[in-house]
Amino acid sequence: MYRIWINIFVTCCFCLPVGGYAQKMEPMKFLPEQYEAYQVSEWMDYAGEALYDYINGGAELYLSYGLAGMTGCKYNGEGLPQITVEIYEMTSSANAFGVYTQSRDKEESDFGQGSQSFNDFILFWKGKYYAIITTQKATPESTKTIRQIAALIDSAIPETGSRPDIIDALPPNGLTPGGYLYFHHYVWLNAYLFIADYNIVNITDETHAVLARYGSADNRCYLLVIDYPDPSSAGTAFVQLKEKFAPESTDIRPVLQLEDQTWFSTWTQGKRLWAVFNGHSLEVIENLYHSINK
């Protein structure tokens with residue numbers, strides 16, 4: 001589900017350059033113009049700045065993940081709730097996966113390579129595509145139809161993609177199901193876990209970052225993992241983060257309690273930076289730290 005406050009935050013924080021990329025996926029080739037009682041009322045095709053006209057305040061999400069274009073259609077039928085089909089073509093499967101992690105709350109596998117379904121909408125990713133199928137109102141007919149359309153889109157995408165390798169670095173014990181976000185623009189770190197009003201860990205298009213939630217809602221901590229192009233870049237980010245939060249930490253004493261009484265730790269392994277925030281107990285942070293550094 002899209003979070004309105006995050007859209008406002010992102011719009012205020014940055015505006016990304018956009019380009020007019022050519023569409024490669026043409027849904028009119030596999031989505032029927034008429035589907036049972038539904039009829040296509042509008043075909044959609046947006047790229048570059050035109051996407052702002054379609055998604056007021058939400059285009060930055062897709063543009064920050066390297067959007068190539070969006071295409072789809074709207075279905076209408078007499079006395080039936082409208083169905084909207086949106087297929088976003090990203091520049092890579094990693095970026096399609098990243099957009100998906102922004103929107104899903106749990107992991108399902110009904111469609112594509114990861115999905116989430118409700119009675120009134122379905123979202124999934126597959127290859128370099130991210131698809132959303134929604135209906136204005138959930139009825140038995142519209143719910144059945146959006147599932148059938150999702151299946152059509154799934155079967156029309158021949159290739160699959162791979163999740164970013166950095167996801168496999170997350171320790172599974174204590175990880176909230178579906179509780180991680182993959183990104184490579186610093187605005188998403190500060191939107192979900194505000195740690196600084198600037199790009200303190202030097203996240204760029206050349207970095208791969210994941211923010212993961214661990215523990216229960218009343219004992220939540222966050223693990224940040226970032227892969228940099230080289231160890232030097234990871235070291236620079238580590239120094240900046242350490243100086244802000246725990247300048248007195250050492251290799252012997254890597255986990256420290258901050259002024260707000262939460263526990264924090266950060267360290268590097270080659271090109272990879274690790275940081276744990278918001279720990280409500282020393283034991284939780286130490287367990288997470290040792291599960292990574294065993």
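The legends below describe close-up views of a predicted model.

**View 1. Seven strands form an open sheet.** The order of the strands across this sheet is 1-2-3-4-7-6-5, and the pairing is antiparallel. Strand 1 (34–35) and strand 5 stand at the edges; each has a single partner strand, so one side of each is left without a neighbour in the sheet. Strand 5 is joined to strand 6 by four bridges, and these two strands run antiparallel. Within this pair, glutamine 116 stands opposite leucine 123 in strand 6. In a regular strand the side chains alternate between the two faces of the sheet.

**View 2. Strand 7 lies between strand 4 and strand 6 in the sheet order.** How many of the residues of strand 7 are buried? Strand 7 spans residues 129–135, and six of its seven residues are buried, which leaves the strand mostly covered. Towards strand 4 (residues 80–90), strand 7 is held in an antiparallel pairing of seven bridges. Here tyrosine 88 stands opposite tyrosine 130 in strand 7. Towards strand 6 (residues 121–126), the pairing is also antiparallel, with six bridges. Lysine 126 stands opposite tyrosine 129 in strand 7.

**View 3. A hairpin connects strand 6 and strand 7.** Two residues lie between the two strands. Glycine 127 is in the turn, where its phi is positive, at about 60 degrees.

**View 4. Two helices lie across strands of the sheet.** Helix 4 (93–103) lies across strand 4, strand 5, strand 6 and strand 7. Its direction is at about 155 degrees to strand 6. Helix 5 (residues 140–156) lies across strand 1, strand 2, strand 3, strand 4, strand 5, strand 6 and strand 7. The angle between helix 5 and strand 4 is about 20 degrees.

**View 5. Threonine 71 is a buried residue of strand 3.** Threonine 71 has a relative accessible area of 3%, and it counts as buried because the limit for that term is under 20%. The side chain of threonine 71 reaches the backbone oxygen of methionine 44 at 3.0 Å. Where does valine 85 lie relative to threonine 71 in sequence and in space? The two residues are 14 residues apart in sequence and 8.2 Å apart in space, taken from C-alpha to C-alpha.

**View 6. Glutamate 42 and lysine 74 meet in a salt bridge.** The structure holds nine salt bridges, and in this one the distance from N to O is 3.9 Å. The pair links distant parts of the chain: glutamate 42 is in strand 2 (residues 38–46) and lysine 74 is in strand 3 (residues 67–77), 32 residues apart. Glutamate 42 is partly exposed, at 32% relative accessibility. Side chains of opposite charge can pair when their charged atoms come close.

**View 7. Aspartate 110 forms a salt bridge with arginine 147.** The closest N and O atoms of this pair are 3.7 Å apart. Which parts of the chain does the pair link? Aspartate 110 is in the loop between helix 4 and strand 5 (114–117), arginine 147 is in helix 5, and the two are 37 residues apart. Aspartate 110 has a relative accessible area of 44% and is partly exposed. Arginine 147 is partly exposed too, with 36% relative accessibility.

**View 8. Arginine 104 and glutamate 107 meet in a salt bridge.** The distance from N to O is 2.9 Å. Arginine 104 is buried, with a relative accessible area of 2%. Glutamate 107 is partly exposed, at 37% relative accessibility.

**View 9. Serine 249 sits in a loop.** The loop runs between helix 7 (231–245) and strand 11 (255–257). Is serine 249 buried or exposed? Serine 249 counts as buried, with 11% relative accessibility. Its side chain reaches the backbone oxygen of alanine 246 at 2.9 Å. Leaving out residues up to four places away in sequence, serine 249 touches Lys242, Pro254 and Leu256.

**View 10. Helix 8 has buried residues on one side.** In this helix (residues 282–292), Ile285, Leu288, Tyr289 and Ile292 are buried. They cover an arc of only 100 degrees around the axis, which puts them on the same side of helix 8. The buried residues of helix 8 pack against strand 9 (208–214), strand 10 (221–227), strand 11, strand 12 (263–269) and strand 13 (272–279).

Definitions and conventions. Residues numbered from 1 in each chain as written. Predicted model: local features only at pLDDT ≥ 70, side-chain atom pairs only at ≥ 80, totals over all residues. Heavy atoms only, no water. Buried < 20%, exposed > 50% of the residue type's maximum accessible area, 1.4 Å probe, protein only. Pairing = 2+ DSSP bridges. Polar contact = N/O pair within 3.5 Å; in protein donor to acceptor, adjacent residues only side chain to side chain. Contact = heavy atoms within 4.5 Å. Salt bridge = Lys/Arg side-chain N within 4 Å of Asp/Glu carboxyl O. Axes fitted to C-alpha atoms, helices over the stretch in contact; angles between N-to-C directions. Arc of directions from axis to C-beta.
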